[in-house]
Each structure stands twice: as C-alpha cells, then as structure tokens.
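Here are a few exercises to work through with the model open beside you. Try each task before you read its solution.

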Amino acid sequence: MEKIIELKNLTKNYGDQQVLRGINLDIYQNEFLTLLGPSGCGKTTTLRIIAGFEEPSGGQVLFDGVDVSKVPAYKREVNTVFQKYSLFPHMNVFENVAFGLRIKKVDESFITTRVNRMLQMVGLADFGPRDVNLLSGGQQQRVAIARALVNEPKVLLLDEPLGALDAKLRRDMQVELKKMQQEVGITFIFVTHDQEEALTMSDTVVVINEGTIQQIGRPIDIYNEPENRFVAGFIGESNIIDGIMKKDLLVHFDGVDFECVDKGFPENEPVEVVLRPEDIDIVKPEDGKLTGQVTSVTFKGVHYNVMVKTKYRDYMINTTDYWEVGTPVGLTLTPDDIHVMWKTPY
Amino acid sequence: MKHYKKLTIPYIVWCAIFIIIPILLIVLYAFTSGGNSVKTLNFTLSNLAKINEHTYVMVFLKSLELGVITTFICFAAGYPLAYIISRAPEGAQDMLIMAVTIPTWINMLLRTYAWMNLLSDNGIINSLLGLLGIDPVHMMYTDFSVMIGMICNFMPFMIIPIHTSLRKMDRSLIEAAMDLGANPLQTFRRVIFKLSIPGVINGVVMVFLMAISSFVIPKLLGGGQYVLIGNLIESQFISIGDWNFGSAISLILAIIILLAMRLMKKIDLKEAEER
C-alpha cells in the first residue's frame, strides 16, 4: 500500500500549553484509520492540522511526499465531515452537496448527476429540495458525508461525526460508514473518543494521550496486546497488576507463578500484567490458582460483572454465570489470557 | 394561560391611546378640511391632490434620493466595519461595538451642532485647510453636509444589526466552505454574506426610515431653504398650521415606508426561497 499522508514530528502549542508533542504517523491509501483518545488528547487538533484549519507549531504534514504545512485548507485534497455537520443553513440539501462542485465551476448537468448519485449512496435520494434545518440528526449527518464525498477527495476526515446520534442510529451508521469507505475506496481518518466505535470500524487504531501517540495497531492488537497501562485502561476494562517477569514465558504476581506467552524481557524485570475481565475464569476454590470471595455482582445484560476480593487485590471478572455474593471462589488463567507489558514510568 | 389575558389590557389601552388613535386622527385629518373643527367634518381629497404639485413632488423625490444614498453609504461603510469587528476576539468585540455606540450617548442636536462648527465656511476643517494653503471649501447648507450629518448619526443602526448576524454565525460554516474548496472571497460571497442578509435588511430598513423622515439634521445642516419631507411636515404643523395638509403628507410618507419595508421583506423571502 502506498503512503498518502505522513505526519512528521508534529507539534502544536496554544500559548505555553503543548497540545501535540511530536506526532509521527503514516497514513496509507484505502485505510480506515481512527485517532482514538480521551477529550483534550490532541486528536481533533491533529485532524484540523491535516485539514489545514490550524498550522502546526513544528513538524511537517506531507501529502504524497509534498510538504503542505503552509497550503491553505481550500487548496488541499481532503474533505471534512464536521462534528456538528456544519451544513449551510441557507441552502437546501441539493445545494449543500453541490457546493464543492459549484466552486469548481463544473458543468451543471454533471453536477446534477453527481449530486443525485451521492444522495442515493447515502440513502437520501429524494431529499434534494428539502430544507437542511428540518432534517433529523442522522439525515444531516448523511448530507454532510455526501457533501464531502462528492468532491472525490483522496482522504476524508471525520471529526467525531457520530457523537450526536443516539445509540442505535450510531451503530447503524458505523456499519454504513465502513461500507461506504470500502465502496468509494478512499482513506478515512476518523476521530473518536469511543473505543468501541474505533474497534468496530478501523483498519488501524492510533491511541493518543496527552499529545503523544501511545500505540498504533490493528484493533485486535490494540485490545489484546496493549503496549502500556494507558492503552490497556482506555481500551476496554482490565485488571492491571504489578508483576515480575521471572524468565521467558513465566510471570510472577500475587504470590503465584503463571505461565504466559510473552518473552523477550530481562530476567526478573518488573512488569505490568493486563488481565481482561472476560478472560478470568471463576472456579471452585480448590481448583483456583488464586482464591477469594465474591464481593459484588452487577447484571450487565449479556454478562455479570463480578468483583472478587483476594488477599492482594480486587479482581474484576465478566462472566455469564451468576455467583452469589460471599461465595468463596478460585480464579484460573490460561497462558493466552495473560498479557505482559513493560512498566510505564508514570 | 387564560387568566393572564387580563394582563395585556394595559398594553392594549396604551397602544390604543398612543398609536392607534393618533394614526386614525392623521387619516381623518388627511381626508378632511377645516383645521381643528372636529364638529363638522368636510371630507375632501384636496389635501392629497395638493401633494401632486410640482414643488411637493420634488421634495418627496429629493428626500427619497437622499434617503437611498445615505442608506447605501451607511451599508457600504458599515458592513466592512461590522465584519472586521466580528472577526476580533470576543472581548475586543464588546469594546468595539461600544465604541460604535458611544456617539449615540451624546444628544443628537449637540452632535449636529458640532458638525456645523466643523463644516462651516470659517469652521475647523476650513481653518485646517487654510493652514495647508488650500482655499476654503463651501460645505455647509449643501447635500454634502446634510448627508454627512445623517450618515454619522445613523451609522450605528446599520453596524449593530449586521454585526449581530455576523457574530452569531457558526464559525465552522466558514471552515466547511474552505474545506470544500472555496477561497476566502468565494467563502465570503457564498456563505458569510448570504447568512448576514437578515442583519443587512434590518440595518437598511432602520437607516432608510430614519433618513427619509428626519427633519432636525436637514434643518440645521441644510439651512432654511433645504426642505425634505420631515421639514415639510414640521412646517405644516408648526409654522403654517395646516394640520390637514401635514397629515396628508405624513400619510403618504407612512405608505412609502410601508412599501419600502414590504420590498425588503420580499428580498428576504426570495433569499429564503433560494435555499
């Protein structure tokens, strides 16, 4: 795959506040890439720099190998779907979508065909003459996507576009967006703070915190093999435990040695161990490697969220079985369930 | 809700006494003759017919011309200023808008007298020109002086509504336009200006109304010979005492204003239809 955008050591300061602290990122053709992080982490700033709405304080933005840091937004071959959609209130649906083409002064019949095809693709075929102010959130969202895609950009930027939709519509749109991306075959850069959204749609997830990239990877890698405490805590729920890597494939925590699949650490290196709540099995006390007592059970729909207090700490476990509060239980782990990370300095 | 209805009674009474009855009286006077003898009503169209005389038609045309030019200059100078203010940081905007309104804190008569001092043949401007060796320019009692007075007095009423509509505009719409390839000029023409049209219409209507009916400014800066509709109405009521003819002129002026507002409304609707 070909590199389409490169961010090189991008920094951004607002006054003496540093929002981006050196972002390095390659974005490839046809990729669905998600910038994921808590609010204020710099993900939106990164997107706005790519779009050209903000100038970086340092570093470079390359499009196809050419530095565009000083190129104004209207000359860049990217289009944006804004958080609040930002449809032009003085134009109807058709004119909103046609805006980019009208600027390019292309043939009127061409505009009509293209706009109608776009509206059809987003499922708003007969909506052309409608007033955008009277559309529902989901419909406005589709108009915003059509308005951006009609220009056939090389890259589509999406700034938390699903944030304002209700849960069901949101899930539908996630699927649809992914479908659209495959259909039009262009790069999508998607900004969100919703980890589930990121895992569902992306080819690549970039986890950002405090202006620094924490991890870049496929959703499954980000989830199963978080590189540090932040990623493990931000993506899904997890139990994070201090441990010692005795040797390759053997980690020690909570007074017990566990077989694991991780290697390459120095002997007796202090590490952090990530245990996903759904990976821990609850068994009879005599069968468990760790023992404790159930302290609370919360019904979550598909599963129960069970807290088990052991000698060293509380474990969070998700299971489909019901366990009475107060029951003495044992906990077991298979080597696959254990993920060992380097200890993060903070 | 029903029991609150009674609360509107004072307002209705107030409206009736100060707005509706006076308007009805103007209509009554306009169609009768015989001054203030309300006992015997002599209905006539002669008051209205009198306006058709050449002198009066010219006064109307002159007023309209001045009103249109003043409004246009206020718009042409006020829009850029409103736009610049709307791009300033939030705090600075309040200061700048206050600066625009400060002149209106001073009595209009005082400001107009100040202009007389500035513009008169041996006034401040001509003295300054004299220092530079330039011959004095005659400015008082001309269209120029009247328009200067009106523009300076009415400018805030153009700037404020335009600024309000620019300020409340969503900034991300400007970004959206640029994102879709519009350069700054295209963004202004296709998005910013279009969205500020309601403010422009408010400003234009307000300034035009004030310009076409003002009488103090033309009287002071235009001199006794300078007659606009406002002066005509004033003289009919105050110095000549022909209330009937004065009412007829007022009525015609009211109709012209209504038509002008109607026209502006149409432009606004047409804009809305283009959506």
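**Exercise 1: two unusual phi values**

Between which two helices of chain A does the loop with A:K105 lie? Find the place of A:S86 too, then compare the burial of the two residues.

Solution. A quick note on ground rules: this is a predicted model, where local features need pLDDT of at least 70, side-chain atom pairs count only at pLDDT 80 or more, and totals for chains, interfaces and linings use all residues. Residues are numbered from 1 along each chain as its sequence is written, while chains are lettered from A and ligands numbered from 1 in the order in which they are written.

Step 1. A:K105 sits in the loop between helix 2 and helix 3 (108-121) of chain A. Helices (H or I, at least four residues) and strands (E, at least two) are DSSP runs, numbered from the N terminus. A:K105 is not a glycine, yet its phi is positive, about 55 degrees.

Step 2. A:S86 belongs to the loop between strand 6 and helix 2 of chain A. A:S86 isn't a glycine either, and its phi is positive, near 50 degrees.

Step 3. Now count neighbours. A residue is buried if 20 or more other C-beta atoms lie within 10 Å of its own, exposed if 12 or fewer, and partly exposed in between, with C-beta atoms placed from the backbone. A:K105 counts as exposed because it has 8 C-beta neighbours inside 10 Å. A:S86 has 23 other C-beta atoms within 10 Å, so it is buried.

**Exercise 2: build a sheet**

Work out the strand order of the open sheet of four strands in chain A.

Solution. Step 1. Start with strand 1 (residues 3-14) and strand 2 (residues 17-28) of chain A, which run antiparallel and are joined by nine bridges. Two strands count as paired if DSSP finds at least two bridges between them. As a check on the register, A:E6 has A:D26 in strand 2 of chain A as its bridge partner. The two strands make a hairpin with two residues between them, and A:G15 in the turn has a positive phi of about 60 degrees.

Step 2. Strand 1 of chain A also pairs with strand 4 (residues 58-63) of chain A, antiparallel, over five bridges. Here A:L7 is partnered by A:V61.

Step 3. Strand 4 of chain A is joined to strand 5 of chain A by two bridges, again antiparallel. A:F63 stands opposite A:V66.

Step 4. Put it together and you get the order 2-1-4-5. The edges are strand 2 and strand 5 (66-67) of chain A, each pairing on one side only.

**Exercise 3: follow strand 6**

Which way do the residues of strand 6 of chain A point, and are they buried or exposed?

Solution. Step 1. In a regular strand the side chains alternate between the two faces of the sheet. That's the pattern here: A:V78 and A:T80 point one way, A:N79 and A:V81 the other, and all are buried.

Step 2. Look for the partner. Strand 6 of chain A runs parallel to strand 7 (residues 155-159) of chain A, with four bridges joining them. A:T80 has A:L157 as its bridge partner.

Step 3. Check the neighbouring chain. Contact (C-beta atoms, placed from the backbone, within 7 Å) takes 20 residues from chain A and 16 residues from chain B. Strand 6 (78-81) and helix 2 (93-103) of chain A are the elements that give two or more residues to chain A's side. Helix 2 of chain A has the largest share, three residues.

**Exercise 4: domains and a bent helix**

How far apart are the centres of the two domains of chain A? Then find the bend in helix 7 of chain B.

Solution. Step 1. The domain bounds, from an automatic or database domain assignment, are domain 1 (3-229) and domain 2 (239-342) of chain A. Their centres, taken over C-alpha atoms, are 39 Å apart. Six residues of domain 1 and five residues of domain 2 take part in the contact.

Step 2. Over in chain B, helix 7 (residues 143-167) has 25 residues. It bends by about 40 degrees at B:F154, and a proline, B:P156, follows within four residues. The bend is the angle between axes fitted to the seven residues ending at a residue and the seven starting there.

Step 3. Finish with burial: helix 7 of chain B is mostly covered, with 18 of its 25 residues buried.

Key:
Contact = placed C-beta atoms within 7 Å. Expected span 1.5 Å × (residues − 1).
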